[in-house]
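Please open the structure in your viewer and keep the selection tool at hand, because each stop on this tour asks you to pick out a few residues before reading on. This is a predicted model.

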Amino acid sequence: MAVCEANSPPKNIYFKLFFAVFIVLAVFSFLFYEKTNAIPATTIFDILILFAVVITRPVLKNKKIALLLLFLFLYVSLSFTYSIVLNGNHILDFLLGYKAFFYLVLLSFFWGKKIGEPYHLTLLFRVLIVFFTLKYAISVFGGLNGRPWLFRENNFELMFLALVFLLKFNLTGNVKLFEWGFVTVIFILSGSKSALPIFIVVSASILLINITIKKLAFGISIVSVLSLAFVSVMLKKIAQTGFEGIDRLAFLRVFMSEMNSSSFIEIILGHARITPLMESSCKSLQFFQGLFSFSNDGTCYSPILHTFILRTIFDHGVVGLIVVIWATHYLLRKSGYSIKVCLIFNLVMLLNSLSVSGYNSGFFALAMLLFLGFSPKRAKLLNNNFSIN
């Protein structure tokens with residue numbers, strides 16, 4: 001059953017809103033080349049997500065989506081009552097640990113809404129890859145930043161770009177050669193260890209449809225170049241810092257120490273909402289002071305572990321991680337995407353979650369809004385055959 005749209009906003013207002021925000025932020029990003037963006041792009045995207053949901057004026061008529069929304073809302077509400085009202089934890093620590101669940105609640109409201117037609121998505125994608133290529137090329141070849149970004153750290157935004165690339169193919173059935181060229185250059189210039197495997201996965205999912213000699217040769221070329229780039233980045237990192245300098249290993253060691261001190265129930269269902277890490281764990285990660293508690297009392301919580309998978313298992317348990325993955329899969333399936341597309345989407349998110357905040361990132365919510373808003377149930381496929389011409 002569909003969502004009632006009698007009171008929906010004017011046609012294509014969502015696309016115009018998304019397009020305007022992306023273009024304005026992209027243009028202003030050329031004023032900054034340091035490690036982080038002086039413009040609060042992440043906050044702006046979160047506001048965009050919230051605003052897109054608010055203006056939907058939704059009337060949920062799909063009972064299963066309504067039940068999903070109710071379950072997620074109750075979980076967040078009960079956790080809020082326990083950690084903030086009863087235990088007096090800092091609200092920002094709570095919000096940071098529950099972002100993925102907040103996003104899924106909002107996305108449940110957005111289900112069934114239309115952003116635009118496939119050609120709108122193609123326009124957005126092509127404009128984005130031009131901006132990405134220009135900013136990354138200027139940053140790298142101009143010696144301004146070895147880890148270029150357009151909106152924020154490229155580990156986040158390249159996950160989003162890869163998913164938009166996947167969506168563009170699934171809506172149009174077509175990938176032009178110049179699009180492959182732009183996206184491949186962007187990922188190679190990024191120098192991101194986590195982004196390159198993501199692009200390999202998305203590329204393989206596109207290239208392995210209706211295999212031909214031409215596609216196989218093209219695919220081998222793409223994967224070979226990306227694999228060499230990935231190995232080069234890894235060897236450079238190890239040469240600079242050694243294996244001890246790989247911070248994700250430090251996070252994993254702290255996580256394993258925490259899990260060794262946890263009960264079976266805490267591993268399955270998560271620690272009491274919200275639980276600080278042990279003092280010894282916080283001390284071992286004291287070089288990440290920016291991720292300590294907002295209470296400024298020397299405590300630290302799961303966000304200091306960086307990777308979404310470790311954070312979620314600590315806070316919400318293995319069950320909580322499964323719920324996030326399943327809810328994402330379910331919303332995509334109910335929007336008309338094939339099981340394969342849903343699996344690739346979650347695989348991309350899990351790869352990103354091995355390195356950074358994954359589903360807790362606003363770029364996850366932005367990608368989901370686009371997938372939901374360009375639902376195949378509404379989109380007319382322009383071409384069922386893969387093309388690289």
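Begin by selecting α3, the helix that gives the most to a nonpolar patch on the surface, with 4 residues. In this predicted model, α3 covers residues 63-86, and both this helix and α4, at 91-97, supply at least two residues of the patch each. To see the whole patch, select F80, Y82, V85, L86, I91, L92, L95, F102 and F294, which together make a nonpolar surface of about 770 Å².

Now keep F294 selected and look at where it sits in the chain: this residue is found in the loop between α13 (279-284) and α14 (308-334). Is F294 buried or exposed? With a relative accessible area of 39%, F294 falls in between and counts as partly exposed, since buried means under 20% and exposed means over 50%.

Next, go to the second largest pocket, which has a volume of about 460 Å³. Of the 16 residues that line this pocket, select D46, L95, K99, F102 and Y103, which are the closest to its centre. The elements that give two or more residues to the lining are α2 (41-54), α3, α4 and α5 (99-110).

For the last stop, select helix α9, residues 195-207, and check the distance between its end C-alpha atoms, which are 18 Å apart, in agreement with the 18 Å that 13 residues should span at 1.5 Å a residue. Because 10 of these 13 residues are buried, α9 is largely enclosed by the rest of the structure; among the buried ones are L196, F199, V202 and I206.

Terms used: Residues numbered from 1 in each chain as written. Predicted model: local features only at pLDDT ≥ 70, side-chain atom pairs only at ≥ 80, totals over all residues. Heavy atoms only, no water. Patch = residues over 30% accessible without salt bridge, like charges linked within 9 Å, V, L, I, M, F, W, Y side chains within 5 Å. Areas by Shrake-Rupley, 256 points an atom, 1.4 Å probe, with all protein chains shown as cover. Salt bridge = Lys/Arg side-chain N within 4 Å of Asp/Glu carboxyl O. Buried < 20%, exposed > 50% of the residue type's maximum accessible area, 1.4 Å probe, protein only. Expected span 1.5 Å × (residues − 1). 1 Å grid on protein atoms, 1.4 Å probe; cavity = no way out; pocket = protein on both sides within 12 Å on 5 of 7 lines; lining within 4 Å. Points joined across faces, edges and corners; volume = space filled by probe spheres on them.
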